[in-house]
Amino acid sequence: GSEQAAKQLRQAVKGTTQLDLEKDILKWMTGEFAIAAIPSDRGLLKNPGFGLVVLMQTSDRKATSSMLAKLDDLAKSSNSGVIPQGVEIKTKQLGGQPIATWEVGPSIVASHGFIDDKYAFWAMGDLSELLIPQASKNLPDSSNFQTLTTALPKNNSGYFYLNMSTAIAIADRIISSEAKTSQGYIQARTLLDAIRGIAVTNTTFDNRVTRLDFLFTLNPAPGN
């Protein structure tokens with residue numbers, strides 16, 4: 001049930017980050033948050049072709065800073081898994097803001113800091129440069145995002161948005177040449193190439209009713 005799922009989530013957070021979900025995260029993260037996969041061909045992100053960015057609206061900057069400091073400690077002590085060994089925590093100025101960086105030799109593994117008093121971020125590689133001093137591109141201004149979400153309820157609890165052409169370009173860099181020759185991949189690729197994007201929203205009406213809306217936008221047929 002929901003209690004078991006909540007317990008598993010708390011255990012997963014504790015096991016991977018050593019953070020207490022309620023005390024270290026939910027206590028201050030009372031506003032909006034977003035997770036985005038952003039294309040990049042710089043530094044450590046050149047091979048995968050993308051990196052993750054987490055944006056968090058905070059009501060308590062001190063508590064948020066404490067959580068980020070605990071992540072720094074985790075990164076420094078890591079000796080296996082996703083975080084590489086030998087991480088050093090350094091500080092640099094970006095757009096007049098102090099930014100903490102996780103560095104291994106000359107490479108930036110990740111960085112974090114505050115965009116302003118209300119929003120904190122954690123970003124892979126040097127993606128922080130896309131956020132500070134001001135985001136180079138805003139998702140709501142994207143024509144693709146506007147097209148995909150225009151028919152969805154505006155009063156919702158958040159969006160899931162996938163630009164399919166960008167996602168396919170990233171996948172092409174990760175999937176092996178051998179896998180691309182399989183019949184299953186060829187069939188899936190034909191289907192995915194026809195999709196321009198996917199948007200999903202959920203709207204909560206009360207504690208018993210939640211509505212999900214899915215919208216698939218197709219690319220025009222060749223010659224049209």
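Is Glu129 buried, partly exposed or exposed? Glu129 is partly exposed, its relative accessible area being 33%. The legends below place this residue and others in a predicted model.

**Figure 1. Overview of the protein chain in the predicted model.** The chain contains 7 helices and 9 strands. Its C-alpha trace spans about 55 × 45 × 40 Å along the principal axes. Of the 224 residues, 30% are buried. The exposed surface amounts to about 14,200 Å², and carbon and sulfur atoms supply 56% of that area. When contacts between residues at least 6 apart in sequence are considered, 49% of them join residues at least 24 apart.

**Figure 2. The salt bridge between Glu129 and Lys92.** The side chains of these two residues meet with an N to O distance of 3.7 Å. Glu129 belongs to the loop between E6 and H4, whereas Lys92 belongs to strand E3 (residues 88-94), so the pair ties together parts that are 37 residues apart in sequence. Lys92 is partly exposed, with a relative accessible area of 23%. Through salt bridges that share partners, Arg42, Lys92, Asp126 and Glu129 are joined into one network.

**Figure 3. The salt bridge between Asp126 and Arg42.** A search of the whole structure finds 9 salt bridges. One of them brings together the side chains of Asp126 and Arg42, at 3.2 Å from N to O. Asp126 is located in the loop between strand E6 (119-124) and helix H4 (143-149), and Arg42 in the loop between E1 and strand E2 (50-57); the pair therefore ties together parts that are 84 residues apart in sequence. Asp126 counts as buried because its relative accessibility is 15%, under the 20% limit for that class. Arg42, by contrast, counts as partly exposed at 43%.

**Figure 4. The salt bridge between Arg61 and Asp117.** The closest N and O atoms of this pair are 2.9 Å apart. Arg61 lies in helix H3 and Asp117 in the loop between E5 and E6, so the bridge ties together parts that are 56 residues apart in sequence. Arg61 is partly exposed, with a relative accessible area of 33%. Asp117 has a relative accessibility of 58% and therefore counts as exposed, the limit for that class being over 50%.

**Figure 5. The largest nonpolar core and its contributing elements.** In soluble globular proteins, nonpolar side chains tend to be buried together. The largest nonpolar core here has 19 residues, of which Leu19, Ile25, Met56, Met67, Leu71 and Trp102 touch the most other members. Two or more residues come from each of helix H2 (21-26), helix H3 (61-77) and E5. H3 gives the most to this core, with 5 residues. Leu71 touches Thr17, Leu19 and Trp102, when residues up to four places away in sequence are not counted. Apart from this core lies another, of 9 residues, among them Leu45, Leu94, Ala123 and Leu131.

**Figure 6. Leu74 and its contacts in helix H3.** Leu74 is placed in helix H3. Beyond its neighbours within four places in sequence, Leu74 is in contact with Thr16, Thr17 and Gln18. The C-alpha atoms of Leu74 and Leu218 are 43 Å apart in space, and the two residues are separated by 144 residues in sequence.

**Figure 7. The surroundings of Ser111 in strand E5.** Ser111 lies within strand E5, which covers residues 107-114. With a relative accessibility of 1%, Ser111 counts as buried. Its side chain makes a polar contact with the side chain of Ser128, at 3.2 Å. Not counting residues up to four places away in sequence, Ser111 touches Ile99, Ala100, Thr101, Phe121, Trp122, Ala123, Gly125 and Ser128.

**Figure 8. A nonpolar surface patch that includes Phe33.** Phe33, Ile35 and Leu52 make a nonpolar patch of about 310 Å² on the surface. Phe33 is located in strand E1 (residues 33-39). Phe33 is exposed, having a relative accessible area of 53%.

Definitions and conventions. Residues numbered from 1 in each chain as written. Predicted model: local features only at pLDDT ≥ 70, side-chain atom pairs only at ≥ 80, totals over all residues. Heavy atoms only, no water. Patch = residues over 30% accessible without salt bridge, like charges linked within 9 Å, V, L, I, M, F, W, Y side chains within 5 Å. Areas by Shrake-Rupley, 256 points an atom, 1.4 Å probe, with all protein chains shown as cover. Salt bridge = Lys/Arg side-chain N within 4 Å of Asp/Glu carboxyl O. Helix = DSSP H or I, 4+ residues; strand = E, 2+ residues; numbered from the N terminus. Buried < 20%, exposed > 50% of the residue type's maximum accessible area, 1.4 Å probe, protein only. Polar contact = N/O pair within 3.5 Å; in protein donor to acceptor, adjacent residues only side chain to side chain. Contact = heavy atoms within 4.5 Å. Core = buried A, V, L, I, M, F, W, Y, C linked by side-chain atoms within 4.5 Å.
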